Amino acid sequence: MAENVCPSCGWSIGTGLSEAPAGTAAPEQVRDFARWGWLLREFVFLNVLFILWRIVGQVSLFHEAGAVDRGKWLWHAERVLHLPSEAAVQRQILGHATFDRIANGYYAWAHIVVFAAALLWLMFRHREVYPKWRNLVVAFTGIALLIGFLPVAPPRLIPSFGMVDLPARYHQSVYDGIGKGITDQFSAMPSVHVGWAILVAAMVICVLRTRWRWLAVLHPVVTTYFIVVTANHYWLDGAGAALLLAAIYLGMRRIRPSLVP
């Protein structure tokens, strides 16, 4: 009789030891559950962050007078720094209806669509680096929310600057009365649009290896231009976002390098 067979019952010794107990999920099922559970957790987490951004926007509306004063301060600071006048830049495109509508659409939707697509791309194709980028996204957005408690009125809400509310002109405004639109009208500084655009460009450049990856730099450049010509932001709003993002990255690298890319 073979050595691996029991002489009394005839069963092979070890039979059933490799089988999972009744009611226990197979390893593949456990892996699938863990994968989809992780994705669900990330979606919920990022959506909560977006909701908090909206809440901060509502709170900031109680400081309208201060928001206008801070907007005027930024405008005059730019003149001292000899930055190009936002009004002069906008006048170059006024009257070009198609281009104006493209600018409004880009401001309203492109930043969030491209940003979400970039995060999904990392989730599904480069999961090994996604957590580090997510940490940077959360840190930047969270601190920008805190700064949002100190509201700044955009150029389009200050008539003395001579800028046209371009989205309102073409009925493309994401705002339905102050504070009732997709985001807050007084959260101008720093520009989350620009911060997210820089993050998207950095993701593409750092993760991909093709030489075409450098075209991603165009996204924050175009975003900065469109937030200005639509009169939704100042130049310094974009610069403030870039400086804040750099400070957060360097700070996190110093505290714990493994947290960020």
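The following exchange asks why certain residues and helices of this predicted model are labelled as they are.

Mentor: This is a predicted model, in which local features need pLDDT of at least 70, side-chain atom pairs count only at pLDDT 80 or more, and totals for chains, interfaces and linings use all residues. Residues are numbered from 1 along each chain as its sequence is written, and side-chain values use heavy atoms, with hydrogens and water left out.

Trainee: Why is Trp 212 called exposed?

Mentor: Exposed means over 50% relative accessible area, buried under 20%, and partly exposed in between (1.4 Å probe, protein chains only). Trp 212 has 58%, so Trp 212 is exposed. Trp 212 lies in the loop between helix 7 (192-207) and helix 8 (218-229); helices are DSSP runs of H or I, at least four residues, numbered from the N terminus.

Trainee: What makes Ala 239 partly exposed?

Mentor: Its relative accessibility is 34%, so Ala 239 counts as partly exposed. Ala 239 is found in helix 9 (residues 235-255).

Trainee: Why does Ala 231 count as buried and His 82 as exposed?

Mentor: Ala 231 has 0% relative accessibility, so Ala 231 counts as buried. His 82 has 72%, and therefore counts as exposed. Ala 231 lies in the loop between helix 8 and helix 9, while His 82 is in the loop between helix 2 (64-80) and helix 3 (86-91).

Trainee: What is phi at these two residues?

Mentor: Phi is near 60° at His 82 and near 70° at Ala 231. Most residues other than glycine have a negative phi.

Definitions and conventions: Helix = DSSP H or I, 4+ residues; strand = E, 2+ residues; numbered from the N terminus.
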